[in-house]
Amino acid sequence: DMIGQAGIAVFIFGNKKKNGDTVIADGMLKEFEIAKQMEKKIIPVGSTGGASAIISEEIMSNIMQYPYLKDYIETLRQETNPEHLYKIIIKIIEEQQVN
């Protein structure tokens, strides 16, 4: 329901504990698939690792489907400074609100 109400889905981290081990959050990958099916704007912060890194890889491989990320995807995959990431995410969101 939340994805349906949103225009943009931001994916950050995406790990969980299972039997004491840290694993990829499969639920986040499912949410990504739902967001894609609903044609939501997707912003993966791949530098945070986990499911976000997997989502980032997929988007990178299909960047033509995500033209609004073309100038930002590499930075989202590499930047680790929270303040810089925040500014980039806000910039992408603001650009999408204009379009």
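Asp26 comes out as partly exposed, with a relative accessible area of 38%; here buried means under 20% relative accessible area, exposed over 50%, and partly exposed in between (1.4 Å probe, protein chains only). The model is predicted, so local features need pLDDT of at least 70 and side-chain atom pairs count only at pLDDT 80 or more, while totals for chains, interfaces and linings use all residues. Residues are numbered from 1 along each chain as its sequence is written, and side-chain values use heavy atoms, with hydrogens and water left out.

The partner of Asp26 is Lys16: the two form a salt bridge whose closest N and O atoms are 2.7 Å apart. That term stands for a side-chain nitrogen of Lys or Arg within 4 Å of a carboxyl oxygen of Asp or Glu. Lys16 sits in strand E2 (residues 15–18) and Asp26 in helix H2 (residues 26–37), so this pair ties together parts 10 residues apart in sequence. Helices (H or I, at least four residues) and strands (E, at least two) are DSSP runs, numbered from the N terminus. Like its partner, Lys16 is partly exposed, at a relative accessible area of 33%.

Searching the whole structure turns up 7 salt bridges. Another one of them joins the side chains of Glu58 and Lys36, at 2.5 Å from N to O. This contact links distant parts of the chain, with Glu58 in helix H3 (residues 50–61) and Lys36 in helix H2, 22 residues apart. Glu58 counts as partly exposed at 27% relative accessibility, and Lys36 is partly exposed too, with a relative accessible area of 27%. Glu33 also comes into play here: Glu33, Lys36 and Glu58 are linked in a network of salt bridges.

Over in helix H4 (residues 73–78), Glu74 and Arg77 are 3 residues apart, which means about one helical turn separates them. Their side chains meet in a salt bridge at 3.9 Å, N to O. Glu74 counts as partly exposed at 35% relative accessibility, and Arg77 is partly exposed with a relative accessible area of 25%.

Away from the charged pairs, Val10, Ile12 and Phe13 make up a nonpolar patch on the surface, with about 250 Å² of accessible area together. Patches are built from residues with over 30% relative accessible area and no salt bridge, joining like charges within 9 Å and nonpolar side chains (Val, Leu, Ile, Met, Phe, Trp, Tyr) within 5 Å. Accessible areas come from the Shrake-Rupley method with a 1.4 Å probe; for residues, only the protein chains shown count as cover. Phe13 is found in the loop between strand E1 (8–12) and E2, and is partly exposed with a relative accessible area of 49%.
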